[in-house]
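Below is a short report on a single protein chain. It covers confidence first, then selected local features.

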Amino acid sequence: MADPPIQIIHQPPAIQTPLLPPTQNNNTNHHNHHHQPNQETNADLNQSLKGLEIFLTFLGFNQSSVLSFLVSWTVFILIGGLLPVLILELSKCSGCDKYQIKDFELDIVASQACLAAVSLACLSLNLRKYGVRKFLFVDRCNAHILARFSHQYVQQIKDSFRLLVFWSLPCFILKVVREVIRISYIQHESWWLSTTILLGMTLSWSYVSTISLTASIIFHLVCNLQVIHFDDYAKLLERESDVLLFIEEHIRLRYHLSKISHKFRIFLLLQFCVVTAGQIVTLFQITGYSGIITVINGGDFAVSSVVQVVGIILCLHAATKISHRAQGIASVVSRWHALATCGSGDSSHMRVSNSAGNLEAPNPLNSLQITYSESDLESADYIAMPTNTQLASYMSSYHKRQAFVMYLQNNPGGITIFGWTVDRGLINTIFFIELTLVTFVLGKTIVFTSK
């Protein structure tokens, strides 16, 4: 028998998984490089917020638990209240009665302790209720917005620390110099007692002054973080054209301003009342004192007044800054509306889309820079006359912008204290109130007699 024919079976080659194309690798690497700076910026922001939280915890503002609450207020009462009072009551010195030092400094200690207690109570209550991130309105941003503003957030936090050092360090130096001068002129029983009094009074003063200044700077920081969003909102008019988007964003900004006002209104009001009362009592004592006011008995008045007034100025500056930014949005939008209306009111400035045939208005910011390469007669041949539907659509856009302008004019926004907006008008009112109180005190204490 003949052998059967041999059949050769051809098998297809094994299918191999191709490698990723180079372009995909490049895109992946580019994507990773694009997100790496954002991750680093977010890490810097988290580190800055953590440092701020540690600093606030060190001063006693973090009272999230019963133990931290008791420790914070115990330390405050001991260092800010009992320590200077015990030093003034138990220390005996030659010349203290002559210069009336004890009476003066007891009032100064009471004024500083009241202001620090108000700052500690108000700020710790908000931090316990909201936390640092929510308190600063950092958590409200999504990942894209947070990555866009993280660098500015970090810079504002660093500037706040610099501002605290800028005002605390000179006042601390003045306090130390004043205490050294007092010890050199008023002798106690021994030098070690004089040194202990100097250290104790300086420690107590530095503690309560840092607490009051920190609360003012935290309010300053919260307002400056919102200024970043208002500046970006003004730039939004150059990128977007949806009026509804503008209104929704402005409603959100006004909501956060109202939340800031609600959180800080008690603090601002009590701070103003405590500082005013302290300054009035100081003025009564200084003008009613029959002796000579020197650095020995009146130096603490000057140093403490600087700290209190600086805190008030920081709060008023931050509040008026954000209020004026909020009120200035109406002016920016009015200008944008005027440019959009005037730049497209004439039919010669309208253009028709080739794809949809819709009427489009040119960018109002670039309407003054339009140039034609053809003559006026030739360019007029290419202008399509708008139809009734296009004109109706364009009038609808005009009415939307007009409604937006009217909305901003009737809802300016800003930091408010029980309905009063903190702006230049309120500052003028505060100035005249303080001037009236000062003249009243001077009229009661200073008497001119004629011989």
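Confidence in the protein chain is highest in helix H2 (residues 66-90), at a mean of 91, and lowest in helix H10 (residues 376-380), at a mean of 39. Here pLDDT is the predictor's confidence in each residue, from 0 to 100. Helices (H or I, at least four residues) and strands (E, at least two) are DSSP runs, numbered from the N terminus.

This is a predicted model: local features need pLDDT of at least 70, side-chain atom pairs count only at pLDDT 80 or more, and totals for chains, interfaces and linings use all residues. Residues are numbered from 1 along each chain as its sequence is written, and side-chain values use heavy atoms, with hydrogens and water left out.

**Confidence**

The chain has a mean pLDDT of 77. Of its residues, 73% reach 70 or more. Two stretches stay under 50. Residues 1-34 form one of them, with 1 contact (heavy atoms within 4.5 Å) beyond four places in sequence. Residues 345-386 form another, with 42 contacts beyond four places in sequence. Where pLDDT is low, the predicted coordinates should not be read in detail.

**Positive phi**

Most residues other than glycine have a negative phi. Two phenylalanines with positive phi are tabulated here. Accessibility classes are buried (under 20% relative accessible area), exposed (over 50%) and partly exposed (in between), with a 1.4 Å probe and protein chains only.

| Residue | Phi | Loop between | Relative accessible area |
|---|---|---|---|
| Phe-137 | near 60° | helix H5 (132-135) and helix H6 (143-185) | 7%, buried |
| Phe-418 | about 55° | strand S3 (416-417) and strand S4 (420-421) | 43%, partly exposed |

**Helices**

Does the end-to-end distance of helix H7 (residues 191-239) agree or disagree with its expected span? It agrees: the 49 residues should span 72 Å, and the end C-alpha atoms are 70 Å apart. The expected span is 1.5 Å times one less than the number of residues. H7 is mostly covered, with 38 of its 49 residues buried.

Phe-172 is in helix H6. At 34% relative accessible area, Phe-172 is partly exposed. Its contacts, leaving out residues up to four places away in sequence, are Thr-202, Trp-205 and Ser-206. Phe-172 and Thr-210 are 38 residues apart in sequence, yet their C-alpha atoms are 9.9 Å apart.

Ser-68 sits in helix H2. A polar atom of its side chain lies 3.3 Å from the backbone nitrogen of Ser-64. Beyond four places in sequence, Ser-68 touches Asn-62 and Gln-63.

Key
A polar contact is a pair of N or O atoms within 3.5 Å; within protein, one must be able to donate a hydrogen and the other to accept it, and residues adjacent in sequence count only if both atoms are side-chain atoms.
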